[in-house]
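Please examine the following structure with attention to how its helices are packed and which side chains lie inside. The paragraphs below take up a few helices in turn and then the nonpolar cores.

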Amino acid sequence: MDSIRPTLQSASVLQRSHAGVGALLSGVRDQITSPFSEPTLRLGVTGLSRSGKTVFITSLVHNILTARRFPLFQASAQGRLTAAVLRPQPNLDLPRFAYEANIDGLLGGQPVWPESTWRLSQLRLTISYKPTSLLKRAMPGPHLLNLDLIDYPGEWLLDLPLLTLDFADWSDQVLAAAKQPARKPYARPWLEALGQLDLNGDHDERVYIELAQLYTNYLRACRQKNLMIAQLQPGRFLMPGDLEGSPSLTFCPVPRPRGNLSKSGFFATCTQRYEAYKKHVVRPFFRDHFSKLDRQIVLTDLLGAAAAGPAAVEDLQAAMTTVLQAFRPGANSWLSKLFRGRRIDKMLFASTKADHLPRAQHDRLARLLGELAFEPANNARFRGADVSFMALSAIKSTRLAKVREQGKVYDCITGWIAGQQQPKAFYPGELPDSLAELKRGIDAPLAQVRFMPPPNLDHQQQGLPHIGLDRSLEFLLGDLLS
Amino acid sequence: MKPGQTFELSDKKIQSLEQDGSQVWDALGQNVSGDEPETIKTPPPLVPKPPMPGAASKTTDTPKHQGSTPQAPVATDQTGQSGDKPGGQPTYRPANQPTDKPTGRPQPFIAVPPRADTAARQASSPSPATPSKPNPARNPRPSKEQGPSKEQGRAFAATTNQNGGQSASQSALLQAAQRLNQQRSYRWLAVLVVTLGALFIVLLVADTLSGLAWLFGFSRALGLLASLLLGLAVVSLGILVSREWRALARMSRQRHLRQLTEAALSEDGAPGADDAMAAVEASYARQDETAWLVAQFRELAPSDSYSAADRLEVFEREVLRKLDSQAVDIIEENARNTAIITTISPFALFDALFTLWRNLRMIRQVATVYGVAPGFWGSMQLLRKVFANVLLTGGLEAADGALNQLLGGSLTARLSTKLSEGLVNGMLSARLGLAAMDQCRPLPFKHNRRPRLSDIGGRLVGAVRKSIMKSKDER
């Protein structure tokens with residue numbers, strides 16, 4: 001597992017692409033114009049696929065627009081959030097985040113979760129507020145804060161480690177992992193096809209397509225089983241976006257060949273395509289959307305991993321550690337902004353889907369997340385960023401119930417389990433106290449079902465019910481609205 | 001039960017669903033809340049049984065703790081404390097104070113290192129722990145006297161810690177010895193007072209009965225009339241007593257609440273937040289004046305979304321903020337009235353009486369805002385505590401600067417002595433009111449700003465000056 005953790009170089013690769021005269025100039029420009037332009041916060045919503053990014057953004061936007069259910073978000077609780085509106089987004093070449101469609105789906109007659117994200121999209125929410133600080137109050141109003149949010153398929157995040165790996169090394173890693181017993185059954189068709197391949201044969205595109213397809217099937221199966229999620233690369237194979245079918249997505253890992261090879265051989269072509277993938281897909285994605293973040297929330301489906309078993313927990317940890325190496329946490333000062341570019345000065349780790357667990361276990365969930373993300377969190381703290389952990393449910397789709405059985409009372413949750421017509425009470429089990437226990441495997445493993453959003457979610461027009469959304473907003477935005 | 005098990009909502013095993021106010025489920029017309037609409041976390045109402053005279057060995061708090069969950073650390077601590085005292089004499093220890101803290105006891109004087117003035121102070125100071133008069137209301141409740149206020153203990157703890165370098169264990173020993181001494185001497189005094197009181201009552205009853213008998217012998221009609229009157233008197237007495245009783249129970253419940261919340265808020269992640277929140281919620285939901293606030297609060301911060309500690313925060317910010325501002329309004333109005341009346345009244349005696357009456361009224365009003373509604377004895381108790389608080393913390397608060405601000409500067413030059421007297425009186429009222437607020441609030445000040453004397457004082461000066469100017473203009 002250690003081998004796939006990228007070295008710290010990955011961060012510096014991005015920095016190199018960002019640094020230089022141009023960056024310095026843009027930093028200077030930002031510094032000079034910032035007092036006069038509207039302050040903008042780029043909030044990085046980071047999370048692997050199915051960690052709840054889309055739901056988080058939808059609920060955040062809806063609840064800020066209605067702004068009623070936020071007792072712990074001080075600006076809202078003190079009535080200082082005067083209004084919020086959706087305004088045209090800054091990047092005109094990106095699709096707009098489908099907020100309206102998502103919220104309609106959630107609040108409709110047959111409520112559904114938003115569809116999984118397959119491409120990048122962006123949304124700008126502008127908040128008008130009454131500041132408390134004397135300095136800001138002395139400035140003429142209205143006081144505005146632009147909140148830029150970006151949604152993207154979580155699969156793409158995992159491409160980051162590729163930046164530091166060349167094709168042969170990457171292939172070695174993938175092949176080694178594929179031969180492990182847990183994954184072997186799913187990898188067999190692809191491995192067999194690879195074994196029969198003539199590496200020096202003539203170029204036949206159909207072979208590439210077939211192998212890439214087999215490899216993609218293997219990745220899909222792994223994702224289904226929550227296996228090896230840190231290594232579901234390249235991310236675009238699973239979620240191609242608008243690149244589907246292009247040659248840069250038509251390759252697969254190949255064993256390192258012995259001896260000399262013709263330049264037109266299978267290995268050489270795959271290497272080329274792999275490099276093209278890195279250059280045209282991975283690098284721009286991170287450069288454009290992740291190198292300028294101000295704050296970050298890392299969403300993690302720890303509950304899902306815990307329910308899937310110890311291997312999934314290990315994988316999740318590896319994936320998180322891997323992904324978070326790309327970001328640049330650190331304290332911001334005006335001087336450092338000028339010379340180093342922006343840094344992420346606040347990082348919130350949230351374990352999502354907390355509504356699938358009774359409230360009494362939420363503290364434990366947050367603590368487990370703290371253990372799971374210790375390494376990246378520690379790194380961020382070391383560089384001066386604020387770090388916090390919490391259990392979060394951007395939309396609370398369940399309610400708590402007590403069930404008595406054989407003289408004991410169990411905390412259960414009730415809600416609409418997917419595919420059922422009536423709400424039911426469900427006993428999820430108990431989380432263990434420590435990550436070590438979770439990794440060892442627990443006797444009575446956690447169960448997880450998929451709850452659908454209940455009907456009439458926002459029947460009082462007071463915003464969506466949630467768990468911990470206000471606390472996380474207070475952490476992420478609170479100081480900017482003071 | 002196995003993880004993954006599901007139940008139909010009609011299942012009898014389901015005891016209750018937590019109500020979060022949103023009623024998402026009920027909106028569909030499905031009554032899923034079972035038989036009990038109440039959250040089952042609500043603890044049994046904390047109605048203390050007032051102790052009987054003579055049966056003083058049980059503190060009023062022991063029955064309450066039995067009512068709450070047995071595993072609560074508070075409960076075990078308390079029962080353990082009252083059990084191991086010699087002779088079962090009640091001790092009343094605030095739940096959040098660790099036992100090894102020497103200054104936690106409200107007999108703090110002996111912790112002062114021996115100095116020349118210590119003995120004199122000790123002799124002259126009325127120890128709060130001693131029932132000193134044969135007072136029928138205080139006497140049956142010796143336990144109450146033991147725990148008047150932590151503030152006293154703390155205030156002196158601060159001073160003693162500054163003054164002396166005595167080691168903790170030493171002062172603890174000293175204290176224990178002193179406590180034993182005091183308990184011995186006062187136990188017999190208590191017995192004496194109780195027996196005298198009982199004797200008096202017996203004599204009174206006997207005398208009344210014989211008087212009645214004599215009346216019946218004299219004239220049947222007169223006897224009937226007298227017994228009717230007697231019955232009425234007894235009934236009204238009973239009603240008064242029960243009302244007082246309930247008021248005292250309310251106050252002791254509030255004190256208990258405060259202990260719970262203080263313990264829960266003492267540190268991040270301290271245990272007991274669940275119990276404290278449930279108790280606070282239940283207490284304020286029960287009263288008509290605050291029930292709607294609690295309903296609003298439940299909708300805002302449902303118990304299955306927020307941890308108890310977070311809910312305590314929201315409760316303070318949302319519910320108590322409103323009550324606090326009501327209380328401050330009352331205090332301000334009272335301080336203003338007192339100041340103005342004192343300024344314009346010609347007789348000193350009238351000032352004093354008026355101030356006393358207004359202050360008592362204010363304290364009652366402030367307590368009522370927080371849902372305590374003290375009876376007569378309750379008010380007295382409160383007044384005593386408030387005065388103690390003011391006296392003890394007053395010295396420290398002098399640095400507050402409000403008075404200096406009032407008495408110094410150009411303003412004083414134009415003030416008559418009468419006006420400055422009025423302002424001082426008003427400030428005293430304000431201070432009493434703030435102390436009463438402190439006593440009655442179910443939660444300590446944590447997220448809301450504690451109103452300060454200087455805030456009220458500043459406005460007081462303005463208001464008084466304005467009213468004086470107006471009266472001058474009219475003249």
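Which residues in helix α16 (residues 374-382) of chain A are buried? In this predicted model, they are A:Pro376, A:Ala377 and A:Ala380. Viewed down the axis of α16(A), these buried residues fall within an arc of 100 degrees, so they line one face of the helix. A general feature of helices helps here: an α-helix has 3.6 residues a turn, so residues three or four places apart point the same way. The cover over the buried residues of α16(A) includes α13 (310-324), β6 (346-351) and β7 (386-391) of chain A. After α16(A) comes A:Gly384, which has a positive phi, near 100 degrees.

Helix α5 (residues 99-107) of chain A can be read in a similar manner. Its buried residues are A:Tyr99, A:Asn102, A:Ile103, A:Gly105 and A:Leu106. Around the axis they cover an arc of only 155 degrees, which puts them on the same side of α5(A). The exposed residues A:Ala101 and A:Asp104 are carried by the face turned away from that buried side. Against the buried residues of α5(A) pack α3, β2 (81-87) and β3 (121-129) of chain A.

The partner helix α3 (residues 53-66) of chain A deserves a closer look. Two packed helices are described by the angle between their axes and the distance between the axes. For α3(A) and α5(A), the angle is about 90 degrees and the axes are 10 Å apart. The range for a roughly perpendicular pair is 65 to 115 degrees, and α3(A) and α5(A) are therefore roughly perpendicular to each other. On the α3(A) side, A:Thr54, A:Thr58, A:Val61, A:His62 and A:Leu65 take part, meeting A:Tyr99, A:Asn102, A:Ile103, A:Leu106 and A:Leu107 of α5(A). By class, this contact has 6 nonpolar, 4 polar and no charged residues.

A charged residue may also lie inside. A:Arg236, in helix α10 (residues 235-238) of chain A, has a relative accessible area of 8% and is buried, because buried means under 20%. Beyond its neighbours within four places in sequence, A:Arg236 is in contact with residues including A:Asp159, A:Asp242 and A:Tyr277.

Finally, consider the nonpolar cores. The largest has 86 residues, of which A:Trp170, A:Trp190, A:Tyr215, A:Phe327 and A:Phe349 touch the most other members. Helix α11 (residues 266-289) of chain A gives the most to this core, with 9 residues. A second, separate core of 57 residues includes B:Ala279, B:Tyr306, B:Met362 and B:Cys440.

How values were computed
Residues numbered from 1 in each chain as written. Chains lettered and ligands numbered in written order. Predicted model: local features only at pLDDT ≥ 70, side-chain atom pairs only at ≥ 80, totals over all residues. Heavy atoms only, no water. Core = buried A, V, L, I, M, F, W, Y, C linked by side-chain atoms within 4.5 Å. Buried < 20%, exposed > 50% of the residue type's maximum accessible area, 1.4 Å probe, protein only. Helix = DSSP H or I, 4+ residues; strand = E, 2+ residues; numbered from the N terminus. Axes fitted to C-alpha atoms, helices over the stretch in contact; angles between N-to-C directions. Parallel < 35°, antiparallel > 145°, perpendicular 65-115°, else oblique. Contact = heavy atoms within 4.5 Å. Nonpolar A, V, L, I, M, F, W, Y, C, P; charged D, E, K, R; others polar. Arc of directions from axis to C-beta.
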